[in-house]
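The exercises below are to be worked with the sequence and the coordinates at hand. Each task is followed by a solution in steps.

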Amino acid sequence: MADLKDFAEQLVNLTVKEVNELATILKDEYGIEPAAAAVAVAGPAGGGEAEEAQTEFDVILKAAGGSKLAVVKLVKELTGLGLKEAKGLVDDAPSAIKEGVSKDEAEALKTSLEEAGAEVELK
């Protein structure tokens, strides 16, 4: 049981780059493809309920900024998309880079993209 807890802790503490590498290994070596990103579903249309804390975030690229090439390369690396698809996302900004991710992953993505010169928003 302790081994499983250690394993779970290691998974939770992976960086975005390590998660992408893990997804690639699972796909290439074991034939396991990650599921498509979950789309956030609107809650019930009742006005009186207290709103729950947000647990899933969308990372939206608002603008590439002055260093477009660096942003395209980073989007390619972070999403696992091909160069053409990554360039398309950047060119079509504002566009969703990742949807339905945890707060920690969303913040890490935002920080990485902002360091590359992009303008990013979390929703």
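**Exercise 1.** In this predicted model, determine how K87 and D91 are placed relative to each other in helix 4, and find which residues are linked with them in a network of salt bridges.

Solution.
- Step 1. K87 and D91 are four residues apart in helix 4, so about one helical turn separates them.
- Step 2. The cut-off for a salt bridge is 4 Å between a side-chain nitrogen of Lys or Arg and a carboxyl oxygen of Asp or Glu. The closest N and O atoms of K87 and D91 are 2.6 Å apart, and the pair forms a salt bridge.
- Step 3. D91 also forms a salt bridge with K68, where the closest N and O atoms are 2.5 Å apart. Because K68 belongs to helix 3 and D91 to helix 4 (residues 83–91), this pair ties together parts that are 23 residues apart in sequence.
- Step 4. K68, K87 and D91 are therefore linked in a network of salt bridges.
- Step 5. Relative accessible areas are 37% for K68, 41% for K87 and 35% for D91. K68 is partly exposed, as are K87 and D91.

**Exercise 2.** Classify K98 and E105 as buried or partly exposed, and give the N to O distance of their salt bridge.

Solution.
- Step 1. The limit for buried is under 20% relative accessible area. K98, at 18%, is buried.
- Step 2. E105 has a relative accessible area of 22% and is partly exposed.
- Step 3. The side chains of K98 and E105 meet in a salt bridge at 3.7 Å, N to O.
- Step 4. The salt bridge count comes to four, and the K98 and E105 pair is one of them.

**Exercise 3.** D58 is buried yet has no salt bridge. Identify the nearest side chain of opposite charge and the backbone nitrogen that lies by the side chain of D58.

Solution.
- Step 1. D58 is located in strand 1 (residues 57–63).
- Step 2. The nearest side chain of opposite charge is that of K123, at 7.6 Å. With a salt bridge limit of 4 Å, D58 has no such partner.
- Step 3. A polar atom of the D58 side chain lies 2.9 Å from the backbone nitrogen of G100.
- Step 4. Beyond its neighbours within four places in sequence, D58 contacts K98, E99, G100, E121, L122 and K123.

**Exercise 4.** Which residues does E56 touch, not counting those up to four places away in sequence?

Solution.
- Step 1. E56 sits in the loop between helix 2 and strand 1, and is partly exposed at 39% relative accessible area.
- Step 2. The residues touched by E56 are G100, V101 and K123.
- Step 3. For V101, the C-alpha to C-alpha distance from E56 is 5.1 Å, across 45 residues of sequence.

**Exercise 5.** Describe how helix 2 and helix 3 cross, then set out the pattern of the chain.

Solution.
- Step 1. The axes of helix 2 (residues 16–30) and helix 3 (residues 68–79) come within 8 Å and cross at roughly 55 degrees. Helix 2 is therefore oblique to helix 3.
- Step 2. V16, K17 and N20 of helix 2 make the contact with E77, L78 and T79 of helix 3.
- Step 3. The chain has five helices and three strands, in the order α-α-β-α-α-β-α-β.
- Step 4. Of its 123 residues, 21% count as buried. Of the contacts between residues at least 6 apart in sequence, 70% join residues at least 24 apart.

Key:
Residues are numbered from 1 along each chain as its sequence is written. This is a predicted model: local features need pLDDT of at least 70, side-chain atom pairs count only at pLDDT 80 or more; totals for chains, interfaces and linings use all residues. Side-chain values use heavy atoms; hydrogens and water are left out. Helices (H or I, at least four residues) and strands (E, at least two) are DSSP runs, numbered from the N terminus. Buried means under 20% relative accessible area, exposed over 50%, partly exposed in between (1.4 Å probe, protein chains only). Lys and Arg count as positive and Asp and Glu as negative; His and the chain ends are not counted. A polar contact is a pair of N or O atoms within 3.5 Å; within protein, one must be able to donate a hydrogen and the other to accept it, and residues adjacent in sequence count only if both atoms are side-chain atoms. Contact means heavy atoms within 4.5 Å. Axes are lines fitted to C-alpha atoms, for helices over the stretch in contact, and angles run from 0 to 180 degrees between N-to-C directions. Angles under 35 degrees count as roughly parallel, over 145 as roughly antiparallel, 65 to 115 as roughly perpendicular and the rest as oblique.
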